[in-house]
Amino acid sequence: MKQETFLITKATTEDIPAILEMYRRRVLYNNAHGIPQWRLADVTWEAFSQLYTIDDYYVGKCNGEVVCGLFIIDVDELYWPDVDKGKYLYLHKICVDPAHAKKGYSDAMITYFKDKGRKEGYPEVRLDVREKKVKLREMYERNGFRLVTIGQFVPEFTTALYHYVYAWEQEKQLSNYDIEE
């Protein structure tokens, strides 16, 4: 049996067709299963380019095939309008190809995002998710994110804002030690 290799890297322009196909498959899968998230028009490179560049995208590849990805940016004027550019990192549009679901790729991408923020010296990382996306919210919470607030930032839906603060890791490590008096 061939061993799978999984690697997360910054995407290149050569990855764009595979990225778009992954999102297309995710939209079709979600629609077929009554899970509204994105429309096909939302997952074109033209739509993504309104807010992101290819330099903002990270892909997870299994044996060289794009199986998951996300955008990582350092400003989010829609959900965090009062925060200066460069203060935090933000995760957007995380996606796993439905053919590769339930293999831990979402958790791997979230861990990569948290590690990137830590290595680059950010005090915390942030993300947003539609309030009614219970499974996604549970995934983020399972990965240590805590709810900041829920609000109506756009007319179409309410959004839950989450953050992961690196100081919590230090608190957790300290609480694992027995203190002798």
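**Exercise 1. Find which residues Val75 touches, once its neighbours within four places in sequence are set aside.**

Solution. Start with the contacts: with those neighbours left out, Val75 is in contact with Lys85 and Tyr90. Keep in mind as you look around that this is a predicted model. Next, place the residue: Val75 sits in the loop between S3 and S4. Now check a distance. Gly86 is 11 residues away from Val75 in sequence, and their C-alpha atoms are 6.3 Å apart in space. Last, how open is the spot? Val75 has a relative accessible area of 23%. Buried would need a value under 20% and exposed one over 50%, so Val75 is partly exposed.

**Exercise 2. Work out where Leu20 lies and what it contacts beyond its neighbours within four places in sequence.**

Solution. First, the location: Leu20 belongs to helix H1. Then list the partners, again skipping the neighbours within four places: Val43, Thr44, Trp45 and Phe48. Take one of them, Trp45, and look at the spacing. Leu20 and Trp45 are 25 residues apart along the chain, with 7.2 Å between their C-alpha atoms. For the surface, Leu20 comes out at a relative accessible area of 23%, so it's partly exposed.

**Exercise 3. Decide whether Asn30 is buried or exposed.**

Solution. Find the residue in helix H1, which covers residues 16–32. Its relative accessibility is 4%. The limit for buried is under 20%, so Asn30 counts as buried. As for company, leaving out neighbours within four places in sequence, Asn30 is in contact with Ile35 and Gln37.

**Exercise 4. Describe how helices H3 and H4 cross.**

Solution. Two packed helices are described by the angle between their axes and the distance between the axes. Here H3 runs over residues 105–119 and H4 over residues 134–142; their axes come within 10 Å and cross at roughly 50 degrees. That angle makes H3 oblique to H4. The handedness of the crossing is right-handed. Now look at who meets whom: from H3 come Ser106, Asp107 and Ile110, and from H4 come Met139, Tyr140 and Arg142. Sort the residues of this contact and you get three nonpolar, one polar and two charged.

**Exercise 5. Classify the aromatic pair of Tyr79 and Phe153, then do likewise for Phe113 and Phe145.**

Solution. A pair of aromatic rings is described by the distance of the centres and the angle of the planes. The whole structure holds 16 aromatic pairs. For Tyr79 and Phe153, the centres are 5.3 Å apart and the planes meet at 80 degrees, an edge-to-face pair. This pair links distant parts of the chain, 74 residues apart: Tyr79 is in the loop between strand S3 (65–73) and strand S4 (89–96), while Phe153 is in strand S6 (residues 146–154). The two partners also get separate labels: Tyr79 has 10% relative accessibility and counts as buried, whereas Phe153, at 30%, is partly exposed.

Now the other pair. Phe113 and Phe145 have centres 6.4 Å apart and planes at 10 degrees, so with planes under 30 degrees apart counting as stacked, the pair is stacked. Phe113 lies in helix H3 and Phe145 in the loop between H4 and S6, so the pair ties together parts that are 32 residues apart in sequence. Both Phe113 and Phe145 are buried.

Key. Residues are numbered from 1 along each chain as its sequence is written. This is a predicted model: local features need pLDDT of at least 70, side-chain atom pairs count only at pLDDT 80 or more; totals for chains, interfaces and linings use all residues. Side-chain values use heavy atoms; hydrogens and water are left out. Axes are lines fitted to C-alpha atoms, for helices over the stretch in contact, and angles run from 0 to 180 degrees between N-to-C directions. Helices (H or I, at least four residues) and strands (E, at least two) are DSSP runs, numbered from the N terminus. Angles under 35 degrees count as roughly parallel, over 145 as roughly antiparallel, 65 to 115 as roughly perpendicular and the rest as oblique. A crossing is left-handed if the near helix is turned anticlockwise from the far one by less than a right angle, and right-handed if clockwise. Contact means heavy atoms within 4.5 Å. Ala, Val, Leu, Ile, Met, Phe, Trp, Tyr, Cys and Pro count as nonpolar, Asp, Glu, Lys and Arg as charged, and the others, Gly among them, as polar. Rings of Phe, Tyr and Trp (its six-membered ring) pair if their centres lie within 6.5 Å; planes under 30 degrees apart count as stacked, over 60 as edge-to-face and the rest as tilted. Buried means under 20% relative accessible area, exposed over 50%, partly exposed in between (1.4 Å probe, protein chains only).
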